[in-house]
Amino acid sequence: MSSKNSKVLKVNSKPSQVCSGEMINYTDEHVAIIRKWLEEEPNLPGDFEEAMIKRFLHCCSNDIERTKKVMKLFFNCRLNFKEFFGNADFHSDQVQRILTAIDTLPLPRRTKEGYQVYVTRLRDTNPDNFNLADYSKMFFMMHDTRMRTEDIPAGDVPILDMEGFSFKHLTKLIFNFGTLKKYLLYNQEAHPVKLMQVHIVNTNGLLHKAFSLVKPLLNPHVKDMLHFHTPGSDTIDEFVPKDLLPKEYGGNTGSVDELKEIWVKKIKEQAEWLAIEDRWKEIPPEKLNKQIDLEQSFSKIEFD
């Protein structure tokens, strides 16, 4: 394989998350088709978990060709976006530092439609400590844990809390625009979830400046899912039942600290698996070439 194939792929089809909120009745035949395809693609992991194949089929509404395209981008991004998917060592100083800087947690109960709601917010609002790549790493470690340990929801509803977001945070986003583009590409086009709504709470005038920065990078379907909620408003209640939310947001599912403790424990339990360097990644060209060389050498051996 040439080095050209290791570059980030582009997918022109609809993003994997933008689908109806109904559960898809994929069959063993659908799974078998994708499994056979994976085994025949030399640069893709043939031992990919069946539960993950079902996630992709669900997100792509059982469209086989679309599922293949999205999965190829998934594996490719995870190989090339090393700032997000490299060195996912739970016990490292980097990850432990991130845990004190950001809260990102799925809520324990789903909506009546079967949607999984999760909250992401800055815990450390000091902009000097703000690092999008680090925060993205923790976000994806949480979601990898969730995809491995929980069943498939009908859809996903993220709540992004912008309290504490300042002009200096925005400046850092601008100076790390390449990282932001990678984050949005993966989340919109390759992440195997069905995005149903996106709620941004505690918004202010500065957020609209930040939104103008990312708006050109957003898929039109994702733009239509955005809902902005000003501080002190209860407009989010029209979409997410209040009793599902943490007590800091008027709900009764426990505090953010209590819910975060549960998820930190879950991530820690998956630490050994999360740290596997080639997990869920495209096989890099240099490693693939070595495999081919070994297979060719083995085929030349004569047996008595």
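Helix 11 (256-269) gives the most to the lining of the second largest cavity, with four residues. The model described here is predicted. Strand 1 (102-106) and helix 6 also supply at least two residues each to this lining. The residues that line the second largest cavity are Leu-99, Ile-102, Asp-103, Thr-104, Met-138, Met-142, Lys-260, Trp-263, Val-264 and Ile-267. By class, seven of these are nonpolar, one is polar and two are charged. The volume of the second largest cavity is about 60 Å³.

Strand 1 is mostly covered, with five of its five residues buried. Both of its faces are covered. Ile-102, Thr-104 and Pro-106 lie on one side, Asp-103 and Leu-105 on the other, and all are buried. Strand 1 pairs with strand 2. The sense is antiparallel, and the pairing runs over five bridges. Within this arrangement, Asp-103 stands opposite Arg-121 of strand 2. Asp-103 is also among the residues that line the second largest cavity, as are Ile-102 and Thr-104.

The structure holds five cavities of 30 Å³ or more. The largest contains about 920 Å³ of space. Its lining comprises 35 residues. Nearest the centre of the largest cavity lie Leu-160, Met-162, Leu-180, Tyr-183 and Leu-184. Seven named elements each give two or more residues to this lining: strand 2 (115-122), helix 6 (132-149), strand 3 (155-161), helix 8 (177-189), strand 4 (198-201), helix 9 (205-214) and strand 5 (226-229). Helix 8 gives the most, with five residues. By class, the lining of the largest cavity has 27 nonpolar residues, six polar residues and two charged residues. Helix 6 thus appears in the linings of the largest cavity and of the second largest cavity.

Aromatic pairs were then counted. The total comes to 22. In one of them, the ring centres of Phe-48 and Phe-56 are 6.2 Å apart. Their planes meet at 50°, so the pair is classed as tilted. Phe-48 has a relative accessible area of 2% and is therefore buried, the cut-off being under 20%. Phe-56 is likewise buried, with a relative accessible area of 0%.

A further tilted pair is formed by Phe-140 and Tyr-183. Here the rings are 5.8 Å apart, centre to centre, with 40° between the planes. This pair links distant parts of the chain. Phe-140 belongs to helix 6 and Tyr-183 to helix 8, and the two are 43 residues apart. Both Phe-140 and Tyr-183 are buried. Tyr-183 is also one of the residues nearest the centre of the largest cavity.

Asn-219 provides a local detail. It lies in the loop between helix 9 and helix 10 (220-223). The relative accessible area of Asn-219 is 13%, so this residue counts as buried under the 20% cut-off. A polar atom of the Asn-219 side chain lies 2.8 Å from the backbone nitrogen of His-221.

Terms used:
Residues numbered from 1 in each chain as written. Predicted model: local features only at pLDDT ≥ 70, side-chain atom pairs only at ≥ 80, totals over all residues. Heavy atoms only, no water. 1 Å grid on protein atoms, 1.4 Å probe; cavity = no way out; pocket = protein on both sides within 12 Å on 5 of 7 lines; lining within 4 Å. Points joined across faces, edges and corners; volume = space filled by probe spheres on them. Nonpolar A, V, L, I, M, F, W, Y, C, P; charged D, E, K, R; others polar. Buried < 20%, exposed > 50% of the residue type's maximum accessible area, 1.4 Å probe, protein only. Polar contact = N/O pair within 3.5 Å; in protein donor to acceptor, adjacent residues only side chain to side chain. Pairing = 2+ DSSP bridges. Phe/Tyr/Trp six-rings, centres within 6.5 Å; stacked < 30°, edge-to-face > 60°.
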